Amino acid sequence: MYLKISLSDFLTVFAARTRGWFFERRPGYALAAAFVFATSCSTILSAFWPFKESIKSAARKGHYEMQPLKDRAFAILTTWIFCLLFFLVQDAIKVATYWVLDQLDENRQRIAEVERRAALTNMAASEARGQGLTTAGGPGAAISAGTAKKYDDRISKLEREIQQLKGILQQQAG
């Protein structure tokens, strides 16, 4: 149990550091060295557990004595394989979850865009009414072609600026 927890906890660090697959970004030298050191120590400790506690005192406390796995090399190998396989499954679930969240976010952005354009159309209609234009044909009918084009051009310019800023942020992050 000790070895499984030590390995799976450290492997989770590799999965948690990226939004994509763990192998898309090389870990830093410090993290790689810490992984090698910590997992080696955990494996050695589980194989040759040096701390002895009498079975009677352990039973009185309501827990059992931890035994070394030195005679059970197969148990150590099996634990390593299990942790590595589960890590791959965990990473695949993480990637799939981020993909679903990104798809939902894109849909939310499209809905927000439609709502924003509707609000701008209503704002332009209110402005047109304030200038004495007629609103025959509905609330948006009062917008002159020039006013609608002005708002649409401004929206397009802002969208391009946002895309440029997103690109800059993605370059800096990745």
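## Exercises on an all-helix model

The protein holds 5 helices and 0 strands, where helices (H or I, at least four residues) and strands (E, at least two) are DSSP runs numbered from the N terminus. This is a predicted model, in which local features need pLDDT of at least 70 and side-chain atom pairs count only at pLDDT 80 or more, while totals for chains, interfaces and linings use all residues. Residues are numbered from 1 along each chain as its sequence is written, and side-chain values use heavy atoms, with hydrogens and water left out.

### Exercise 1: the overall picture

Find the order of the elements and the share of residues that count as buried.

Step 1. Following the sequence, you meet the pattern α-α-α-α-α.

Step 2. Buried means under 20% relative accessible area, exposed over 50%, and partly exposed in between (1.4 Å probe, protein chains only). Of the 174 residues, 22% count as buried.

Step 3. Now look at contacts, meaning heavy atoms within 4.5 Å. Among those between residues at least 6 apart in sequence, 59% join residues at least 24 apart.

### Exercise 2: the largest nonpolar core

Work out which helices supply at least two residues each to the largest nonpolar core.

Step 1. A nonpolar core is a set of buried Ala, Val, Leu, Ile, Met, Phe, Trp, Tyr and Cys residues joined through side-chain atoms within 4.5 Å.

Step 2. The largest one has 11 residues: Leu3, Leu7, Phe10, Leu11, Phe14, Ala15, Phe35, Ala47, Ile76, Cys83 and Phe87.

Step 3. At least two of these residues come from each of helix H1 (2-16), helix H2 (29-47) and helix H4 (73-130). H1 gives the largest share, 6 residues.

Step 4. Zoom in on Leu11: leaving out residues up to four places away in sequence, Leu11 touches Phe35, Cys83, Leu84 and Phe87.

### Exercise 3: the salt bridges

Locate the salt bridges of the whole structure and describe the surroundings of each partner.

Step 1. Side chains of opposite charge can pair when their charged atoms come close. A salt bridge is a side-chain nitrogen of Lys or Arg within 4 Å of a carboxyl oxygen of Asp or Glu. The search finds 2 of them.

Step 2. Arg19 pairs with Asp102, with the closest N and O atoms 2.7 Å apart. Arg19 lies in the loop between H1 and H2 and Asp102 in helix H4, so the pair ties together parts 83 residues apart in sequence. Arg19 is partly exposed at 47% relative accessibility, and Asp102 is partly exposed at 33%.

Step 3. Lys94 and Asp91 form a salt bridge at 2.8 Å, N to O. Both lie in helix H4, 3 residues apart, about one turn of the helix. Lys94 is buried at 13% relative accessible area, and Asp91 is buried at 0%.
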